[in-house]
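Student: Please take me through this structure with questions and answers. I would like each term explained once.

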Amino acid sequence: MKNSQLAAILKRLSAMIEANDSEVQVRRFEREGQERCIVTFDSNNEMFEMTESGSQESYQFDDIDLVALEIFELLQD
């Protein structure tokens, strides 16, 4: 059985929250060596921001599950 890709995304996002520092945390998500998006987490306002690499559109999320689902969908394309 293959490991859950969604669980791996959630684990990386959770690590951003648990960093407990005032710096903005940044993670890049790739598929087959191609960057799909960049996600930042600002602990001051507890918001995620996801920027799609292709379109450069940015989206803000206050819910870890919602940003994880968006990343998952980007990685499936």
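Student: Which residue forms a salt bridge with glutamate 35?
Tutor: This is a predicted model, in which local features need pLDDT of at least 70 and side-chain atom pairs count only at pLDDT 80 or more, while totals for chains, interfaces and linings use all residues. Residues are numbered from 1 along each chain as its sequence is written, and side-chain values use heavy atoms, with hydrogens and water left out. A salt bridge is a side-chain nitrogen of Lys or Arg within 4 Å of a carboxyl oxygen of Asp or Glu. The closest N and O atoms here are 3.8 Å apart, and the partner of glutamate 35 is arginine 28.

Student: How many salt bridges does a search of the whole structure find?
Tutor: The bridge joins glutamate 35 and arginine 28. The search covers the whole structure, and its count is one.

Student: Are glutamate 35 and arginine 28 buried, exposed or partly exposed?
Tutor: Buried means under 20% relative accessible area, exposed over 50%, and partly exposed in between (1.4 Å probe, protein chains only). Glutamate 35 has a relative accessibility of 34%, so this residue is partly exposed. Arginine 28 is at 44%, so the class is again partly exposed.

Student: Glutamate 52 has no salt bridge; which side chain of opposite charge is nearest?
Tutor: Lys and Arg count as positive and Asp and Glu as negative, while His and the chain ends are not counted. Glutamate 52 is in strand E3, residues 47-52; helices (H or I, at least four residues) and strands (E, at least two) are DSSP runs, numbered from the N terminus. Glutamate 52 is buried, and 9.0 Å separates its side chain from the nearest one of opposite charge, arginine 36.

Student: Which residues are in contact with glutamate 52, leaving aside neighbours within four places in sequence?
Tutor: Contact means heavy atoms within 4.5 Å. With those neighbours left aside, the residues touching glutamate 52 are Arg36, Cys37, Glu57, Tyr59 and Leu74.

Student: Why is the pair of phenylalanine 41 and phenylalanine 48 called tilted?
Tutor: Rings of Phe, Tyr and Trp (its six-membered ring) pair if their centres lie within 6.5 Å; planes under 30 degrees apart count as stacked, over 60 as edge-to-face and the rest as tilted. The count by this rule is one aromatic pair. The ring centres of phenylalanine 41 and phenylalanine 48 are 4.7 Å apart and the planes stand at 45 degrees, so the pair is tilted.

Student: Are phenylalanine 41 and phenylalanine 48 buried or exposed?
Tutor: Phenylalanine 48 lies in strand E3 and has a relative accessibility of 3%, so this residue is buried. Phenylalanine 41 has a relative accessible area of 5%, so the answer for this ring too is buried.

Student: Which element gives the most residues to the largest nonpolar core?
Tutor: A nonpolar core is a set of buried Ala, Val, Leu, Ile, Met, Phe, Trp, Tyr and Cys residues joined through side-chain atoms within 4.5 Å. The largest one has 15 residues, and those touching the most other members include Leu13, Phe29, Val39 and Phe48. Helix H1 (5-18), strand E2 (34-42), E3 and helix H2 (64-76) each supply at least two. With five residues, the element giving the most is H2.

Student: The charged end of which residue sits over the ring of phenylalanine 29?
Tutor: A charge sits over a ring if NZ of Lys or CZ of Arg is within 6 Å of the ring centre and within 35 degrees of the ring normal. In this case the charged end is 4.2 Å from the centre of the phenylalanine 29 ring, and its owner is arginine 12.

Student: Where is glutamine 56, and what is its phi?
Tutor: Glutamine 56 is in the loop between E3 and E4. Its relative accessible area is 53%, so glutamine 56 is exposed. Although glutamine 56 is not a glycine, its phi is positive, at about 60 degrees.
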